[in-house]
Amino acid sequence: MKIAVLSTNPKLYSTKRLVEAIRTHGHEALVINHALCHVMIEEEKPVILYKNKPVEGIDAIIPRIGASVTDYGCAVVRQFEMMKVFTTVKSQAIMRSRNKLRSLQILSKAGVQIPKTVFANQTKDIESLIHLVGGPPVIIKLLEGTQGVGVVLAESETAAKSTIEAFYGLKTNVLIQEYIAESKGADIRAFVVGNKIVAAMKRQGKAGDFRSNLHRGGKATPILLTPQEEKAALQAARALGVRVAGVDMILSNRGPMIMEVNSSPGLEGIENCTGVNVADLIVSFIEEKIPADENDTIGV
Ligand SMILES: Nc1ncnc2c1ncn2[C@@H]1O[C@H](COP(=O)(O)OP(=O)(O)OP(=O)(O)O)[C@@H](O)[C@H]1O
Ligand SMILES: [Mg+2]
Ligand SMILES: [Mg+2]
């Protein structure tokens, strides 16, 4: 098979590991920078041009779309879908997972437990928003933040009010969420491939930070999920249609709560922490999903 990793940088850990795994499985690997692809739309003939040449003969893509190019990256993924190329994550799933509000709506509809969240369009009545989620302390989040940037813990009503006002002043809408204090700055990252959890780690934020993101100095340890945690992670990934997913949850007194589902989850943290060869499992997933007879080109 010919498998393309969509990535803006071939030197990134995840990109390199996926390329390595594709080759180890005896397939041809290539890295396509989606930001440099042109999509051509004609009647019944979708074409992708990369460095001015049509991209042809690709059997599968592994999209690794960064948050800064979500829209364009998804247009390229959609074009591959139109060309009937298998993708580990569909464009619609990437779009949904990128927007925290949209994701939470879908998760709540699917019966997945999430922290109580409100969203309002630049209202003047900020106090009632704060009280709708149980009063301070509250978490304030940008809709499309990542790596813990754009997530604020406001301890008092005054702090919450002035932070929300500041965001509104910048014409930015935010989510206001109940603060799950009992998670004590820790969360769980469950890595889902297909309908299995292949690895999981607990991340503990550095002292004094309520955010557990490794990019913010958090430390990771491998863990085994409880059946309840497993169920929540799989249910969340399935609801959003993200087949290769990094599901983040925090443990509350009411059980696991899903924070978000990442559709281009990094491999470095999870592989280094757990020793699981996640890249390899992603390639095996592609092999499983593309029927054997489609791979067999003998006699064609
Ligand atoms: N409601 C909450 N209660 C307690 N802690 C929270 C809450 N929301 C977020 N956190 C903490 O802040 C971290 C960052 O939040 P979140 O995952 O929503 O943001 P992000 O910027 O999208 O991060 P990522 O890089 O994982 O995509 C979480 O991993 C968690 O540790
Ligand atoms: Mg995120
Ligand atoms: Mg997160």
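The paragraphs below lead through a sheet, a buried helix and a pair of crossing helices in a structure that is a predicted model.

We begin with the sheet. Strands of a sheet pair through backbone hydrogen bonds, and they may do so in a parallel or an antiparallel way. Here, an open sheet of 3 strands follows the order β3-β4-β5, and its pairing is antiparallel. Because β3 (37-40) and β5 (53-54) stand at the edges and each has a single partner strand, one side of each is left without a neighbour in the sheet. Strand β4, which covers residues 47-50, is joined to β5 by 2 bridges, with the two strands running antiparallel, and L49 has P54 in β5 as its bridge partner. Helix α2, made of residues 70-82, packs on this sheet and touches β3 and β4, while its direction makes about 50° with that of β3.

We turn next to helix α3, which spans residues 91-98. Of its 8 residues, 6 are buried, and therefore this helix is largely enclosed by the rest of the structure. The buried residues in α3 are S91, A93, I94, R96, S97 and R98.

The last part concerns two helices that cross. Two packed helices are described by the angle between their axes and by the distance between those axes. For helix α4 (residues 100-109) and helix α7 (residues 227-240), the axes come within 9 Å and cross at roughly 115°, and the crossing of α4 and α7 is right-handed. At this contact, S103, I106 and L107 in α4 meet A236, A239 and L240 in α7. Sorted by class, the contact of α4 with α7 has 5 nonpolar residues and 1 polar residue, with no charged residues.

Key: Residues are numbered from 1 along each chain as its sequence is written. Chains are lettered from A and ligands numbered from 1 in the order in which they are written. This is a predicted model: local features need pLDDT of at least 70, side-chain atom pairs count only at pLDDT 80 or more; totals for chains, interfaces and linings use all residues. A residue is buried if 20 or more other C-beta atoms lie within 10 Å of its own, exposed if 12 or fewer, and partly exposed in between; C-beta atoms are placed from the backbone. Helices (H or I, at least four residues) and strands (E, at least two) are DSSP runs, numbered from the N terminus. Two strands pair if DSSP finds at least two bridges between them. Two residues are in contact if their C-beta atoms, placed from the backbone, lie within 7 Å. Axes are lines fitted to C-alpha atoms, for helices over the stretch in contact, and angles run from 0 to 180 degrees between N-to-C directions. A crossing is left-handed if the near helix is turned anticlockwise from the far one by less than a right angle, and right-handed if clockwise. Ala, Val, Leu, Ile, Met, Phe, Trp, Tyr, Cys and Pro count as nonpolar, Asp, Glu, Lys and Arg as charged, and the others, Gly among them, as polar.
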